[in-house]
Every structure is written in C-alpha cells, then in structure tokens.
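User: Please take a close look at one part of this model. Walk me through it piece by piece, with the terms explained as you go.

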Amino acid sequence: MQWTLRIITYTVFAITVLTLAIIVASGLPHFFKPGFFTQWPRRAMSEGGIFPMLIGSLTLMVLVFAVSIPIGLIGTIFLSEIAPRKLSMVLQSLAATMNSVPSIVYGVFGLSFFCVRLSLGTSLISASLTLSTMSIPFFMNSAVEFLRAVPKELREGVIALGASKLQATLMVLRASRNGVLTSLILTLGRAFSETAPILVTGAVFYTTKLPSKLTDPVMTLPTSIYAIVMNLGEESQWMAKGMASLMVLITIGVYFFVQLMRRNQRE
Amino acid sequence: MKRVASFMFVLLTSVAAVLVAAALFAIVFFMFTESLRAIREVGWKLFSPNWYPVWELEPEFGVRTMLLNSLILTVWTSVWVWIAGLTVALYLHKYARDREKQVVLRILEYVSGVPSVVFGLFGVLILGDLLLRAGAWTAQNFLNASIVLSILTLPFMTSLTFQSLEKVPSHIVDGAVALGAKDVHVMWVELKYAAPGIVNAMLGVFNRIFGETMIVLMVAGGANVLVRSFLDPVRPLTATLGSEIGEVAVGSLHYSALFFIALLVLSGCLILNVFTNVICRRLERWVKG
C-alpha cells in the first residue's frame, strides 16, 4: 500500500516539476540576449525585447493595486469587525461565490459594462477595473481570516481602555499585518497572471507607444504570450518562451516570499 | 465628534462591502440582459448543434456541441485529477516524512500560482510536438488539453485534500487503531471524516476546469465537432467565448449569443456552488452524527 502510493505520488510530482522546469529552461537563455528587457520588439516580434509588455503589466498592477486594495481592505474590516454575524456570513459567502466565477465571465462583464456601457473602450482603465472586480473578493476572502484570528481579548482590552471603534480596528490591523500583507501579495500575483479578462477589455497585440493616459490600450506579458503562440510563427516563439519563463520565475518569487512570511508568523 | 467619526467609519466600510455584493448581482444582471436578444430571437435553437455565427444567409447559434464537449472534457479530466490528487494527499498525510511533505507541498504551491497562459504555451509548443511525434494527427487536441488542465488543477486538489485530512482529530484515528483496524480501514475512517473538505475540493476542481479559458483556447484545437476520440480537436464553451468576444460587433445577434454562452458558464458555476454548499453541509451532518 505504502509503496503503491509512493510511486504514484512521485510520478505525478515528477511530471509537474518537469513541466515547470521545461518552461523555465526553454526561456531562460533568452534573458541574456542584449536588450531583452529594455528594447521594443521588432520584425513581427522576432527580434528585440519585451520592454513595452513589461511596462504594460506593471502599470496594470499599479492601477489594480490602487483600486482594489483600499476597497478590499475597508470591506474586510467591515466583514470582520463591524457587520453583525449573519450579514457578515452572507457577504462572505457572496465573496466566496465571486471567487469561483470563471475569469472569462469577468472579462465579458468588463467588456459590456466598462468598455461599452461606460464607453471607456479597450483601455488600461477598463482592464484594471475588470481585474479589480475580480481581485477585491479574492483579497477579502483571504484577509478576513487573518483579522478574525486576532484574539478577542485584545479587542476587548483596547475597547475597555476607552479606545474608539476606529482605534480598535487600527490595532487589530496592526496585529494581523503579516497575514494581510500575504493576502495582498497573493492578490497581486493573481491579478498579474490573469489573461482572459484583460485579453477582451484592455490588451492589444501591438501598439507603437507606451500608454500615456488611462484610455490607452496596453500590451501585457500574458496576452502577448497568447498572441505570439497563436498567431506568429516559429521565429517569434523564443520571445513567448522568454516571457513565460519570466512569469514562472516571478510566480515562484511571490510564493517563496509568502511561504517565508508564513514561517515567520508561526515562529 | 467622536460619534460622528465612528458613524462615518461604519458607513464607509459598509459601502465597500455592499459594493462587492452589488458587483455579483451586476454580473448576473448584465449577462442576462445582454443575452436577452439572442434568447428572444433564436429561442430553443440556441441548443441546436451547429454554430455558424457569421454565415450571411442563415447564421446558426447552436451551443449544444460546445456544451457537450465542455462537459465531456471537464468530467474526464476531473476524474483523473481527483484520483491523482487524492493519492498524493493520502501519501503525504500518512507516509511521507516531514521534510518530504514540506518540499512537495511547497513546490505544488508554486505550480498553483503559475498563469494558465504559460501552461497553454507548454501545451502548444512542447506537449503538442511530442503528441505529433507519437502519431497524433493534430498537435492541439482533447488529450493535450486534458493533460495540461490536469497539471493546472492538481495542486489545488492535493493541497485542499491534504488540509482536510490533517484536520481529522487524532482521537478518531487512535480509536480506530485501538479497535484493531488495519491500515486500509484507518484510511477509510480518515477519508470518511474528511469527506466534506474532500468533496468541496472535488467540486472546486470541476468548476475550475469547466471555467478555464486560456488553456482550452490555446490547446484544445478549436473544431466544433463532438469529440469521438482522444486525439480529436474540440472547442468547449469558454474557448468560443474567449476567441470571438473580442472581435464581434457590439449589439449584434452574434454578440448577444456570446453573452448567452457566458450566461451558461456563469449559471453552471453558480448552480455548482449552491450544490457544493448543500452537499458539504449534509456530509458534515453525516460525519459528525
């Protein structure tokens, strides 16, 4: 019994690790081509670098961060500190439901609401609002656990000392800051890797300039990978491989950091 | 003053929470209103097998083939992920040493965060090539999509199952051992006790595969025919949605029909959610007596 399980586990595990390793290894050498991170792609993306995609992805992240973290954090505080238990349970199950809605549905929603109804068009702002709609419940779902984990005595103690609700909340936030930071990073990591929603709301295959205002379209890493793999031939594929490898390394970095935080918290 | 500040604070926070609830209803509302035109004009023919949205004479908007392909792909892949995930979780829980456990779980967590488009690239450029060499007639097909989807969802299944197995209280296991249960029986007792969590993970996997877009868009092959063999190219619902929604004239019948597909995917997900909640609550009652 033990050995059957062990062999199956090792096989499955090996396949998964091998997949990651192949992806990283196939793209890693391209990092060292001159200008890979600093040049624009040229000749149908067969030469040059990934500079605009990198900047596009980063800009998108900053915008998602600016919209979803304040709202997410305030909403989380409401769920864990202020709402009555029943209401909080209902809202939390709504957030959990939103979390399981497929990302393409968010994309389609963003297209009809932000791009068409609010006439924002295919733009940075539509894409970041769509991603935020998706990230906020994700953030709330994971952050609320950490706020709840703060012991009750602490809250009661602060209130007993005459603190206002706001002061008490700030104290709870400080006590759970590691956890909240973890959920924040995971939220950004997820927003960074989502492809389908921005594919239909804000990303374009190619532009000749960086986005200068919120209504400009962008090029991003994940959508460029998709576009190259599906539309361009073999001489451009190295760029997609390089970007994929970069995204895997970033993901590993994000989760490495999260695991580190978790270990610190336990100690 | 303090009271006003406190009131404002409560108000502000509740607005943020209500916003989230409103977003879910807005999504459902939009999917429904935008697909209304297709429902009214095409009616039951939406469930016919052929999808020829841009044929000028007689466009057809039938989703049956895609829906069936989606379901077949999801069920087939889910079963493999369930089996593999359960096995790995059981092994980690019962036999693995601490160090082994940590390494495997940690690396699986890395895999769980990798963007699906990257796995899509792997499927097209590397796995597809291997399949061609092994004698498949197209590089992108059902089998390829199924393998890539399994790799994507396996970490999710494993870690959730593992967590629910670890939560089984030790007195349950000790009790079983004290009554003279063999290894297999002990395992059975643990599985039974962790059943709500495991079923939750299983349905979560199903939901994820059903809704996953990038991978099926890139790897499944995109032919709208009912799958007959593992090497047939297929096109599930989400692939059609992902590939056509960006290029369609806003407000046209085609646009509306695509929203009907989105509505189908969304309602599938919501129904599955309710179903998961009901089943898990029942199981919990059954386990705890």
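Analyst: B:Met31 touches both chains. Leaving aside neighbours within four places in sequence, B:Met31 is in contact with A:Val105, A:Val108 and A:Phe109. From chain B, the partners of B:Met31 are B:Phe259, B:Ala262, B:Leu263 and B:Leu266. Contact here means heavy atoms within 4.5 Å.

A word on the ground rules. The model is predicted: local features need pLDDT of at least 70, side-chain atom pairs count only at pLDDT 80 or more, and totals for chains, interfaces and linings use all residues, while side-chain values rest on heavy atoms, without hydrogens and water. Residues are numbered from 1 along each chain as its sequence is written, with chains lettered from A and ligands numbered from 1 in the order in which they are written.

B:Met31 also belongs to the largest nonpolar core, which has 161 residues. Such a core is a set of buried Ala, Val, Leu, Ile, Met, Phe, Trp, Tyr and Cys residues, joined through side-chain atoms within 4.5 Å. Buried means under 20% relative accessible area, exposed means over 50%, and partly exposed lies in between (1.4 Å probe, protein chains only). A:Ile225, B:Met31, B:Val118 and B:Phe119 touch the most other members of this core. Its largest share, 13 residues, comes from helix H11 (residues 253-288) of chain B. Helices are DSSP runs of H or I, at least four residues long; strands are runs of E, at least two; both are numbered from the N terminus. Apart from this core lies another one, of 7 residues, including A:Phe138, A:Ile185, A:Tyr255 and A:Val258.

A:Ile225 leads on to A:Ala240. A:Ala240 sits in helix H11 (residues 237-266) of chain A. Its relative accessibility is 0%, so A:Ala240 counts as buried. Outside its neighbours within four places in sequence, A:Ala240 is in contact with A:Ile225, A:Ile228, A:Val229 and B:Leu121. A:Ser57 is 183 residues away from A:Ala240 in sequence, yet 15 Å away in space, C-alpha to C-alpha.

Now the interface as a whole. 68 residues of chain B are in contact with 71 residues of chain A. The area buried between the two chains is about 6500 Å². Buried area is the accessible area (1.4 Å probe) that two parts lose on being put together, summed over both. Carbon and sulfur atoms give 82% of it. B:Phe9, B:Tyr91 and B:Tyr110 supply 10% of the area that chain B buries against chain A, more than any other three residues.

Charge plays a part too. The rule finds 2 salt bridges across this interface. A salt bridge is a side-chain nitrogen of Lys or Arg within 4 Å of a carboxyl oxygen of Asp or Glu. A:Arg262 forms one with B:Glu109, and the closest N and O atoms are 2.8 Å apart. There are also 8 residue pairs in polar contact across the interface, both residues at pLDDT 80 or more. A polar contact is a pair of N or O atoms within 3.5 Å; within protein, one must be able to donate a hydrogen and the other to accept it, and residues adjacent in sequence count only if both atoms are side-chain atoms.

Helix H1 (residues 2-42) of chain B gives the largest share of the side that touches chain A, 20 residues. That side of chain B divides into 51 nonpolar, 12 polar and 5 charged residues. Ala, Val, Leu, Ile, Met, Phe, Trp, Tyr, Cys and Pro count as nonpolar, Asp, Glu, Lys and Arg as charged, and the others, Gly among them, as polar.

Helix H1 of chain B holds a salt bridge of its own. B:Glu41 pairs with B:Arg37, with the closest N and O atoms 3.0 Å apart. The two are 4 residues apart in helix H1, so about one helical turn separates them. B:Arg37 is partly exposed, at 34% relative accessible area.

B:Asp98 and B:Lys101 form another salt bridge (3.9 Å, N to O). Both lie in helix H3 (residues 98-113) of chain B, 3 residues apart, about one turn of the helix. B:Asp98 is exposed at 57%, whereas B:Lys101 is buried at 15%. B:Glu100 and B:Arg97 pair as well (3.7 Å, N to O). B:Glu100 is buried at 11%, and B:Arg97 is exposed at 59%. Over all chains, the count comes to 9 salt bridges.
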